[in-house]
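Open the model in your viewer and switch to a cartoon view. This tour goes from one selection to the next and says what is there.

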Amino acid sequence: MAARLNGSPTRTVCRSRILPPGALRQTVGVRIAVGGGAVGGVSGANEATKVGRVRLVVARCSVDYVGRLTAHLAPAIRVLMVKADNSVLVHSDGGSYKPLNWMSPPCWLIEEPGKWTVENKAGEQLVITLEEVFQDSRHELGVDPGLVKDGVEAHLQILLAEHVDTLGEGWSLVRREFPTPIGPVDLMCRDAVGGSVAVEIKRRGDIDGVEQLTRYLELLNRDPLLAPVSGVFAAQQIKPQARTLATDRGIRCVVLDYDELRGRVSDEFKLF
């Protein structure tokens with residue numbers, strides 16, 4: 001099954017691992033001869049791995065997975081991706097982001113004319129039979145800065161702390177991340193008459209969030225300096241079951257408009 005170079009079968013190794021008997025142990029992206037020493041002239045998918053590139057192949061192919069179960073993809077035009085982390089993914093034009101099939105590292109790729117065999121340490125195989133290759137390219141993507149999410153709970157907490165009057169006229173903030181024995185409650189506030197109010201903030205409010213706030217309230221109401229402490233469950237969306245449970249437990253629900261909170265200008269540190 002292995003391709004040959006100068007009479008020796010070769011494998012493209014995707015990570016340092018124990019190889020079959022007679023093989024050399026090598027680091028990421030080194031093509032080795034299964035029956036002998038290291039082989040020069042690295043090419044193909046291994047070249048993409050060695051220089052940290054992503055390899056994209058557009059081809060008419062069929063795909064067979066053999067492992068804990070068997071699966072077959074009939075011939076069709078697909079995109080094959082060999083990522084710099086050595087994973088191999090098979091994509092179609094549909095299905096959003098999820099590949100049709102894939103092999104995660106650590107694994108190795110054996111390239112033969114018209115055939116790729118990807119195998120992992122568990123012995124599972126992804127066999128890709130290439131009928132026609134339309135494009136084979138490599139791309140250096142560079143360092144990815146990572147995903148920055150907008151509107152996460154931390155942002156909501158900051159914005160609501162700055163504009164606590166959203167919860168009621170005359171309200172004031174006591175503290176963010178107010179400590180309790182089982183973890184901090186998002187906001188501790190005082191209402192217009194000076195009563196203590198614990199506020200739990202979620203992006204999507206469900207029953208678990210109500211249960212969490214209930215546990216906080218039970219502990220906070222044991223403190224004579226704070227009691228009585230009421231609760232507010234604030235979220236961008238609140239599920240009907242969560243609203244019903246909160247109402248039954250005397251917890252007020254507030255739906256937050258993130259865009260409105262973000263558009264408001266804080267008057268903190270302003271003279272006029």
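The stops below begin with the whole chain and then move to one strand, its neighbours and a helix.

**Whole chain.** Keep in mind that this is a predicted model. Select everything: the chain has 5 helices and 15 strands. Of its 272 residues, 40% are buried. The accessible surface comes to about 15300 Å², and carbon and sulfur atoms account for 53% of that area. Taking contacts between residues at least 6 apart in sequence, 48% join residues at least 24 apart.

**Strand β14.** Select residues 229–238, which form β14. This strand is mostly covered, with 7 of its 10 residues buried.

**β14 with β13.** Add residues 196–205, strand β13, to the selection. β13 and β14 pair in the parallel sense, and 9 bridges link them. To see one of these pairings, show Arg 204 and its bridge partner in β14, Gln 237. Now add residues 207–220, helix α3, through which the chain crosses from β13 to β14. This β-α-β crossover is right-handed.

**β14 with β15.** Next select residues 252–255, strand β15. β15 also runs parallel to β14, paired with it over 4 bridges. Here the residues to show are Ala 234 and its bridge partner in β15, Val 254. Add residues 240–248, helix α4: together with β14 and β15, this helix makes a right-handed β-α-β unit.

**Helix α4.** Hide the rest and colour α4 by burial. Which residues of α4 are buried? They are Ala 242, Leu 245 and Ala 246. These three lie on the same side of α4, because they cover an arc of only 100 degrees around the axis. The spacing fits a general rule: an α-helix has 3.6 residues a turn, so residues three or four places apart point the same way. Turn to the other side of α4, where Pro 240, Thr 244, Thr 247 and Asp 248 are exposed.

**What α4 packs against.** Bring back β13, α3, β14 and β15, since the buried residues of α4 pack against these four elements. Two of them, β14 and β15, are the strands that belong with α4 to the β-α-β unit visited above.

**After α4.** Last, select Gly 250, which follows α4. Its phi is positive, near 75 degrees.

Notes: Residues numbered from 1 in each chain as written. Predicted model: local features only at pLDDT ≥ 70, side-chain atom pairs only at ≥ 80, totals over all residues. Heavy atoms only, no water. Buried < 20%, exposed > 50% of the residue type's maximum accessible area, 1.4 Å probe, protein only. Helix = DSSP H or I, 4+ residues; strand = E, 2+ residues; numbered from the N terminus. Pairing = 2+ DSSP bridges. Right-handed = clockwise from strand over helix to strand, strands pointing away. Contact = heavy atoms within 4.5 Å. Areas by Shrake-Rupley, 256 points an atom, 1.4 Å probe, with all protein chains shown as cover. Arc of directions from axis to C-beta.
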